[in-house]
Amino acid sequence: MRELTSDVLIVGAGLGGVAAALAAADRGATVILTEEYAWIGGQLTSQAVPPDEHPWVEEFGITARYRALRDGIREVYRRRYPLTDAARERRDLNPGAGWVSKLCHEPRIAVGVLEEMLAPHRSTGRIRLLERTRPVAATVDCDRVTTVTLESVVGGDSFTVTASYVLDATETGELLPLTGTEYVTGFESRAETGEPSAPEVAQPENIQALSVCFVVEHADGDHTIERPADYDFWREYAPAAWQGERMLSWMAPNPRTLEITARTFSPNPGDDALAVDADQSRNAGDHNLWLFRRIAARDLFAPGFYSSDLCLVNWPSIDYFEAPVLGVPREVELERYAAARQLSLSMMYWMQTEAPRPDGGTGFPGLRLRPDVMGTDDGLAQAPYHRESRRIRALTTVTENDVSYAIRGEEGATRYEESVGVGMYRIDLHPSTGGDTYIDVASTPFEIPLGALIPQRMTNLLAANKNIGTTHITNGCYRLHPVEWNIGEAAGHLAAYCVANRTTPHAVHSDPARLTDYQSELDATGVERHWPEGRVYAY
């Protein structure tokens, strides 16, 4: 057991964790950053989810560091890839031409850019990255975390870390139970939150689906995978939300209307990739599954460079909501992750062998997994995509009443004097482990209150991912890539600010002078804390 010390410990190197590390180090703090999986970047990389962003992302509504990440990804393609002249000239280059995002790309590209952003601080030792480790224990003295123990997941060293501030940037709020921090899971009750979409009684085990994503291409030959062990179960699986249809199919609920609708699927359709307008306020884009989350559009590159488009599968048919993975023993958690991987492999096998084709035939045996793109042996993502985490009992909790367009109208979302950032996405809840179908509510551009990052009791622990003070409902719009990044950036800067000024997060939150000073530093680094005046958007 090795003992380490730093100003700030950040557990989890997803987007929130990396953003927190950059902000803290730039502010002058020493940082230990940890990551369980082979790639840093979380949902953007090891989970393989292209960035879900609001329609105005090219103009405003993100932090300067997040914009640098986006610009860096595009620069890699412009510098190293044989783009067509027309693609290279596009300021808003979308290498995948997917309809889900204005910047669909291969996850490995983002890994490289994130590593590059961290590199100067790693060279100086200001940031130390402990790779392939996960938290397994913590010690607490009254309301302070004193140490966190990290265990290697590949048989290497274990570490005990002491830090002035500890940031939980894990995907599921793993530090919260280890430190005894008060937290919530699943649905809160309507009596507690006052939310119209909440149930009458709290449902702590009712948690959104997770997904194990994968990438496919279409090539000559038969690339059918081995029949998955659980294929018979998943082939017949027909959850209530599918209204009698099987989940392994092209049929799925429309998230906004709940009507069962047929999606289309046609590999390498030869569409005009430069004409793709990824704006979910105008077109949800999910009808054509090949195009929806495409991460490489071969026609944007020199002929023959890509033999096929690359299509990222993150569809309703791979949503795993059979049972929750939060609050269960580790062995049960791993069993349920394995079941989710079986569901994804079963969807792949169904597509290769039984899926209806546009020509009237069945099966696409030419579909081929791309393990090299995923960085795994089996072709599935390294990590499950978690849509919901444990959430701290926070100083400020954002509810549906703060962000719903139906409630707020032209007044817009609640404005916070304590704002540390902005975000925008629909309240998008996938089917959940309690049997619920989609909950999809139009929202309006919102702010991130500082109090949502600060636990009510713990004095040196901060939330830096989707574990902030939202509810089950509002988690559905605060969980996306640029919002997670902004949360982490604000938390990392706050920790470093407190170290430098010998103060505490609770004091910054409660003292107007300290709050203003901290916020002015955020402003100087390019954090946007409010939306443009006089403009209200909704979708």
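## The second largest cavity

About 90 Å³ of space sits in the second largest cavity of this predicted model. Here a cavity is a set of points on a 1 Å grid over the protein atoms alone where a 1.4 Å probe fits but cannot get out, and a volume is the space filled by probe spheres set on the points, which are joined across faces, edges and corners. Its lining runs to 14 residues, with Ile207, Gln208, Ala209, Leu210 and Val325 nearest the centre; lining residues have an atom within 4 Å of a point.

As it is a predicted model, local features need pLDDT of at least 70 and side-chain atom pairs pLDDT 80 or more, while totals for chains, interfaces and linings use all residues. Residues are numbered from 1 along each chain as its sequence is written, and side-chain values use heavy atoms, leaving out hydrogens and water.

## The largest cavity

The whole structure has 5 cavities of 30 Å³ or more, and the largest holds about 250 Å³. Of its 25 lining residues, Glu35, Glu36, Tyr37, Glu171 and Glu174 lie nearest the centre.

## The nonpolar cores

The largest nonpolar core (buried Ala, Val, Leu, Ile, Met, Phe, Trp, Tyr and Cys joined through side-chain atoms within 4.5 Å; buried is under 20% relative accessible area with a 1.4 Å probe, protein chains only) has 116 residues, and Leu69, Leu167, Trp485 and Tyr518 touch the most other members. A second, separate core of 44 residues includes Ile225, Leu326, Ala339 and Phe364.

Back to Leu167: beyond its neighbours within four places in sequence, its contacts (heavy atoms within 4.5 Å) include Val8, Leu175, Leu462 and Ala495.

Terms used. On a 1 Å grid over the protein atoms alone, a cavity is a set of points where a 1.4 Å probe fits but cannot get out, and a pocket is an open set with protein on both sides within 12 Å along at least five of seven lines; lining residues have an atom within 4 Å of a point. Buried means under 20% relative accessible area, exposed over 50%, partly exposed in between (1.4 Å probe, protein chains only).
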